[in-house]
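This report looks at one helix and one strand of a predicted model. Both are described together with what surrounds them.

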Amino acid sequence: MIVVAGEALIDLVPQGTGALASLKPALGGGPYNTAVALGRLGSPTAFCSRTSYDAFGEALLDGLRQAGVDVSGVQRGTEATTLAVATVDGDGSAAYSFYVEGTADRLFTAPARLPATTRAVSFGTCSLVLEPGASAYEELMRTAAAQGLFTALDPNIRAGLIPDADAYRARFRTWLPSVTLLKLSEEDAQWLGGTPREWLASGPSAVVVTRGGDGLTVFTRDGTEHSVPGEKVEVVDTIGAGDTVNAALLHGLSAQNALSPEALAGLGADGWTRLLRFAARAAAITCSRAGAEPPYAAELGDF
């Protein structure tokens with residue numbers, strides 16, 4: 001089983017132009033999208049989070065169940081669901097502003113244990129910024145790594161939520177010894193500072209950098225790098241594309257029995273190229289439709 005740990009929220013997506021355009025609610029949150037994508041691809045998946053008892057919270061859990069994701073470990077609370085207001089520019093890229101004060105997901109506490117069949121745990125986005133939950137997710141990351149589990153991190157920077165950029169960058173560096181696979185966008189890499197080689201020296205076995213329509217590149221501990229181009233597609237928006245990449249990478253690694261540092265080291269050029277192409281294809285499908293709608297296994301074929 002792959003456990004995805006992090007926030008679930010509601011994206012409010014504008015249906016027109018201007019500040020007063022009507023907003024359509026959509027299920028979202030980076031970790032949430034990753035869990036749904038994994039479920040749709042057929043990977044046994046569990047979600048580790050805290051959601052509201054309100055109508056949005058119920059809808060979020062329903063979306064996970066429909067994707068086949070185990071929600072038995074999700075904590076609940078009476079606080080409201082976090083809201084993210086999206087704006088989409090001319091090329092489909094999305095930016096967000098957030099309503100997070102006093103919301104349910106911020107009060108997450110680290111579970112006493114993960115499911116016995118857990119092989120990997122995925123982390124990222126707002127959940128690693130907003131306290132007190134951020135410290136609890138960080139505790140879970142360190143515990144999972146200490147237990148020898150495969151850990152994946154996508155920081156998925158939301159700069160508007162980070163009050164002290166330098167403090168966050170320093171904290172990010174403390175996570176790296178507990179990370180097996182670091183995946184981040186080119187924009188996030190620039191914001192964080194440093195290089196893939198520097199990050200690899202601190203702990204991860206591989207770093208995958210996404211470059212939008214230009215494709216993906218992996219940097220590995222043995223000094224090699226492998227790249228694939230992006231899949232050409234008519235872009236509706238990019239919401240959930242990076243989260244789909246996360247899921248596709250984890251699904252593909254699981255399919256190759258490669259959820260360990262040793263297995264990553266043995267993938268080689270062919271294994272990494274096949275994996276990155278699969279992730280690029282999955283992300284392209286997500287970009288071809290509105291909102292975070294990752295593909296099903298039948299749309300991609302077997303890995």
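## Helix α7 and its end

N257 has a positive phi of about 55 degrees, just after α7. The helix itself covers residues 241-255. Its 15 residues should span 21 Å at 1.5 Å a residue, since the expected span counts one less than the number of residues. The end C-alpha atoms of α7 lie 21 Å apart, which agrees.

Of the 15 residues of α7, 12 are buried, so the helix is largely enclosed by the rest of the structure. Buried here means under 20% relative accessible area. The buried set opens with A241, then D243, T244, V245 and N246. It also includes A247, A248, L249, L250, H251, G252 and L253.

## Strand β12: burial

Strand β12 spans residues 206-210. Five of its five residues are buried, so β12 too is largely enclosed by the rest of the structure.

Side chains in a regular strand alternate between the two faces of the sheet. In β12, A206, V208 and T210 point one way. V207 and V209 point the other way. All of these residues are buried.

## Strand β12: partners

Which strands pair with β12? Strand β11 (residues 181-185) pairs with β12 in the parallel sense, over five bridges. Strand β13 (residues 216-220) runs antiparallel to β12, also joined by five bridges.

V207 has a partner in each: it is the bridge partner of L182, and it stands opposite F219 in β13.

The hairpin of β12 and β13 has five residues between the strands. In this hairpin, G212 takes a positive phi near 60 degrees.

Key: Residues are numbered from 1 along each chain as its sequence is written. This is a predicted model: local features need pLDDT of at least 70, side-chain atom pairs count only at pLDDT 80 or more; totals for chains, interfaces and linings use all residues. Side-chain values use heavy atoms; hydrogens and water are left out. Buried means under 20% relative accessible area, exposed over 50%, partly exposed in between (1.4 Å probe, protein chains only). Helices (H or I, at least four residues) and strands (E, at least two) are DSSP runs, numbered from the N terminus. Two strands pair if DSSP finds at least two bridges between them.
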